[in-house]
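Hi,

Here is the structure I promised to send over. Have a look at it first, and my notes on two of its sheets follow underneath.

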Amino acid sequence: MLIPCPHCGPRDLGEFTYGGDATRDRPDPHSSPGGGASAEDWCGYVFYRDNPRGRHVEYWHHGQGCRLWLKVVRDTVTHKIEGAEIVGPWADAEPKKQRGAA
Amino acid sequence: MSGYRLESARIGDTVNFTFDGKRYQGVAGDTLASALLANGVDLFGRSFKYHRPRGLFSAGVEEPSALVTLGCGARAEPNTRATVVELFEGLEATSQNRWPSLALDVMAVNGLAGPILSAGFYYKTFMGPTRKAWKFYEHFIRKAAGLGKASFLPDPDRYEEMNAFCDVLVVGAGPAGMMAAMTAANSGARVILADEQSTLGGNLRDSAVATNPLAKLSATDEVTLLPRTTVYGYYDDNTLGAVERVADHLPAPVKGQPRERHWTIRARQVVIATGAIERPIVFGDNDKPGVMLADAGRLYVERHGVAPGRQVALFTNNDGAYRSVAALSAAGVAITAIVEARQEIGDQARRIAAASGAELLTGHVVTRALGGQSLSGIAVATFDPKQGASESAHRHVAADCLLVSGGWTPTLHLASQAGGPARWDDTLTAFLPGEALQPWRAAGACNGTFATATALDQGAAAGAAAAAACGFASNAPDLPQADDEPVAEAPLPVWDARPKHGKGKAFVDLQHDVTAADVSLAHREGFRSVEHLKRYTTLGMATDQGKTSNVIGLALMARERQLSIPEVGTTRFRPPYTPVSLGALAGQARGANFRPTRRTALHDWHEAKGAEMQAAGLWMRPRIYPQGGETVEQAYVREARQVRQSVGMVDVSTLGKIDVQGPDAAEFLNRVYSNGFLKLPEGKARYGLMLREDGFLWDDGTTWRLSEARFLMTTTTANAAPVLSQLEFLLAAVWPELKVAVTSVTEQWAGMAVSGPKSRDVIAAVVDDIDMSNEALPFMGVRAGHIGGVPVLVARLSFSGELAYEVYCGAHHGAAVWTRLLEAGEPFGMIPYGVEALGTLRIEKGHVAGPELDGRTTAEDLGLAAMVSTRKHFIGSAMVQREGLTDPQRLKLVGFVSTDGGKIRPGAHLVAANDTASPPRSLGHITSVTYSPALEKYIALGLLEDGPSRLGAKLVATYPLKNIDVAVEVVSPHFFDPEGSRMHA
Amino acid sequence: MARYSVFSLLSNALTGNRKWERVWRAPEPKPAYDVIIIGGGGHGLATAYYLAKNHGITNVAVLEKGWLGGGNIGRNTTIVRSNYMLPANAHFYEHAMKLWEGLSQDLNYNVMFSQRGVLNLAHTPSQLDGYARRGNAMRLHGIDAELLDRDQVAKYAPGIDLSQSTRFPVVGGLLQPRGGTARHDAVAWGFAYGADRQGVDLIENCEVTGFIREGGAITGVETSRGTIRAGKVGVAVAGNTSVVLQKAGLSNIPIESHVLQAFVTEALKPLVDGVVTFGAGHLYISQSDKGSLVYGGDLDGYNSYAQRGNLPLVKHVAAAAVTLFPNLARLRMLRSWGGIMDMSMDGSPIICKGPVPGLYINAGWCYGGFKATPASGWCFASTIANDAPHALNAAFTLERFCQGRPIDERGAGPRPELH
């Protein structure tokens, strides 16, 4: 598998570590405990997964590269990657000049 | 005796070799198979189950029968197909799965029990008389099973890894592949052309049609030719695995050469031109040595100058096999009869048959092979496509070799690994590549195109299309001219040629002894889906992976189910295409290099001083510095005692170190740690706890505030990488608004902890510019300064409970600072100490470490509840109060002292002294143990059910694995100086 | 009388093996059953078998979307062990072990359960201490365990690199002598045969496409072969748990599906006797009765429903194998495959009543599904029959995650890819 890191270009799977489902929003801690986010919200965030067969939005960490966290859209049946974006304040970082990709 | 060397053969250098200890001679260019065939050897091995004699069946990777053990000792290589072994001087080969000898194998009695040893028989028996029965039977079954014998000696050879990138990878260098590579290269693409054979060119090899273009290709810069290279696996995103056999054709690798080289090839486009494999037709005793695939017979004649027999018969259902007739006739080999299932054959085939002088029996099939250990003749009957073979009209034909062709099976393995289900072609009676799910194209025989001229054309087109897909304008070379030849275009679908009551065992899978009757039995018992058929009969599960048998098995099941072949289904192929050595897959990352070894800046010093080193994850750390003949315990006790009495120093460079900077750094740390960090003043350190989101304890360490916006965080050795990764995640995905950057500085800083009452004196003696007084550098204080001009950070932290300091300096200065400190400590008897003594000191203080932070404990379990703030939010705060985490029955940290002087063992469990149950109930377990020089007894930390309420209880630390019980008393985990007066001194 | 024995083999051989019957029937689905089990894998078939045998509930259908035994029961490394540390797991897997020990006789089908031992190697003193803790826990749960030193390891598994020059020298290991392997397909077929003989309908090529709900309760399923009603519906579909439960309207599932690869070599004469696991690089290896070395390692490590893995892991596992056994380098990997693991958030299974009446869940098997098969079926059948969990699976609830009562042998927390 090649993951198209927006910063480094397409890189081998072996350079990345998996971060799992990226669709879960962390409940707002300031409304808990006591109000706002419920225990169930936190359970949902920490333990429950949609685990779809097909399109999956997921985190990958380019730990042996630019060390950026990426949000990757990948099909869990074909393993085909639709796209990847940088997560967080470095999303607009200057990409490295890319060479031809598969 | 069958085969022999043809007079017409170009004779190369003589090559000496042995088979089963007997000396033979072959010639350069031979395979082991061709050389043995030339020497008249027709018995190569014994079959898996019935131990039937087996000969040579093919001339390639599909070989099911001629398996030998190559070499001996540490280089012994079992289950090697004689058909792919290139002969070299001194080669030693041994036959397999026979006793006492190949010719006389007593296990052949299994053949008599044939009907009992039907498919799946073992599921139906060996179950009694008692439950233990299987253990008895299995002992013999294991011995009888298997094929070759592997060595117990380490493989002496080396394996290499390569990563390659190209525009177009062409797999297979036959007519189609060669032209694809030529065309793509001509267009300017970077091309890799790989082929499993020693010489490229496939069926055209050695002819000018191939040698000229190949010479041109090899002279092209952007082209890599990889002969002897099998592309075995097609993985995601056009990543392909290949193995190059670098030295298997030599007696041993020459110096510096690997035996094999693994290639990971990332290609933008792939052309699959992997050819096709001929398949046989089933008849009675079709496994007899002397029965061989038709095209194999041709190859032995044309490539090696070896006749497959002296009286050869042919059995076919297609025109393609007549190429073999032509080749044998041209070489002067006598062909006695051509048994042709069809009534009508192609003109060219008919001309070849006539010219050969063989008797042409159209509308006939071979029903049985005749002879003893090898073929002496065949039984032939008339055949009607609807009625099958005649039951009565038989005749016998003398033959010492029968060439069989039942048509061709395109080599779909790679296409299937990266594609949709295969498509059935009724005319070719073959499966063809399905939809391409990755950027590949198939060309040539693997695409069902058997004629050379068409394959050349199709290859060129595939190469052009692949290059175009990479953005290269097509620039096609001229197509070479190919000779006209008969082609296996429309084989008559004859799968099993036997009449209804045919005699002899009829094999589908030769290596696993799966017969047509086994397929029928599988059907009868309901194992009807392809996968059930395979698993129940083991069809296609042998080392040849069913290359010549899978389609036949499917056809026979289709006959039983009265369905068409595609309705029965097809098998999806998984890597590898042919078996791949574990050595090649492992590459260089094995043995000592299995994982990287991380060494601290002080590693050489430790080793020079005789430290016993110990792995801590990937790091190596000094365990003890033994003196004289000290045991581990004597050494650590001496080291720990010296620290408490005077001063010692330990290498703490392996701790994770993370530089945290930015205006929001303090806020960030305050959210990451369970205790407060907002108010940590500059020049101060604080011990912090990190929880997981689920509220369980994760990591601990001290974090030092170096300036308003800069912190140095330390983590445990084990969690250095995951903590950094988590911090980066939080800053990217959870709190992107925080202006903080984190960087690993673990390897940039060398760290050493100087501990003991004299530690202040030692550091004061060498430090240039730090006031070491208690007032100027209080407990938890951090100062920057210099030692011998080297910039250092000095933090007054204590893991040992003594007055202690951690000194950090740039890693390259580590050894200099370390020795300088030791020199300064000489007057105090300062010693280096290892992780054992480090453990002793922390256990005496009740500090937790890895064995307590096991991923299942909470801060409260470990007596650290006060460090979990209830006044702020942090990672884990939302879930730390859940019922399961606050259950009073949880295991909690307490201390233990041995009350009978016995040695408490780590891993022991705690049981009540009066528990008489057998086995008694575990109340918890011992996590860390040491002999305490301070208390002069064995002490331990452990996790105990509701521990703190049991202080003073008398329990037993039981170790049933060694039948050792030690009486213990539950005590506070803070064994030594619980007030902490020493570290505040 | 038992259908299968050496006598039946002999008498059938005399009649040309023409009189063998189907091992299981191929019935048309009935309109309704007392219990439907979705998933004709090992766990589903075992559940049906024990529903009939232990609880007398025989009006049962097992619905399989493909062919029986086509999931993880047929794509694993066949290891059976009960060397667990935490009480809930130890009791459960030891119950499985006891069922394994009589399974061939019970089913009248030889599943070739072979107790040649399972050895976990330790590479540092502290790792050995960790194994001692586990081994002592096993002993205190009445499970066999032995702590081996290096010499004993050498004797148990000749060929292992015991040198100090290897990256992670062996210091000892934990052996469970009663551990071993079984013939995986035979387990599926044996349970199928046993269930069928008691009247259970095993229905292949029958995919569940939806659930029927009445008054908030599940009362049946829609399938590719029509509507089938049932008083109770049990789901035992391993890697497809989330997909199937979503059809029942459930979304709060603590499971991720991951691909786990496994490998076999060519067949060899006896070389590795028991099961050996390498503690420093995730690897487990054994030799089948047919002679192939069967080995596997870590998950590929990303969500996947493809029974197909990638190259880095293939190489990685091979590297671990030749590091542990340097004599294996010249041997050849013959086949590889991938299975879809239902990885739970604590590495332990879920066997419980579902949050909806009429629905029962059996999932979260991670790597451990094969060895659990008989106990999983046994407990799930009991849970379905009694509408309440058995003591052996009382801890394997869906609620334990939220309650903060994980059963986390590895201490890895809610990171399914790490269990």
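In chain B, six strands close into a barrel, and their order is β45-β48-β47-β46-β49-β50. The pairing in this barrel is antiparallel, with a twist that averages 45 degrees from one strand to the next. Do keep in mind that this is a predicted model.

One pair to zoom in on is β47 and β48 of chain B, residues 924–932 and 937–945, which run antiparallel and share eight bridges. If you want a spot to click on, B:G924 has B:L944 in β48(B) as its bridge partner. There is also a helix on this sheet: α21 of chain B (residues 835–845) packs there and touches both β47 and β48 of chain B. The direction of α21 makes about 115 degrees with that of β47(B).

Now for the other sheet. This one is open, with five strands of chain B in the order β36-β37-β38-β35-β39, again with antiparallel pairing. At its edges sit β36 (684–691) and β39 (741–744) of chain B, each pairing on one side only. Direction ignored, neighbouring strands here are turned by 25 degrees against each other on average.

Edge strand β39(B) pairs with β35 of chain B (residues 656–661) over four bridges, in the antiparallel sense. Within that pair, B:V660 is bridged to B:V742 of β39(B). Helix α17 of chain B (residues 665–672) packs on this sheet, where it touches β35, β36, β37 (697–707) and β38 (710–715) of chain B. Its direction is at about 135 degrees to that of β35(B).

Cheers

Definitions and conventions
Residues are numbered from 1 along each chain as its sequence is written. Chains are lettered from A and ligands numbered from 1 in the order in which they are written. This is a predicted model: local features need pLDDT of at least 70, side-chain atom pairs count only at pLDDT 80 or more; totals for chains, interfaces and linings use all residues. Two strands pair if DSSP finds at least two bridges between them. Helices (H or I, at least four residues) and strands (E, at least two) are DSSP runs, numbered from the N terminus. Axes are lines fitted to C-alpha atoms, for helices over the stretch in contact, and angles run from 0 to 180 degrees between N-to-C directions. Two residues are in contact if their C-beta atoms, placed from the backbone, lie within 7 Å.
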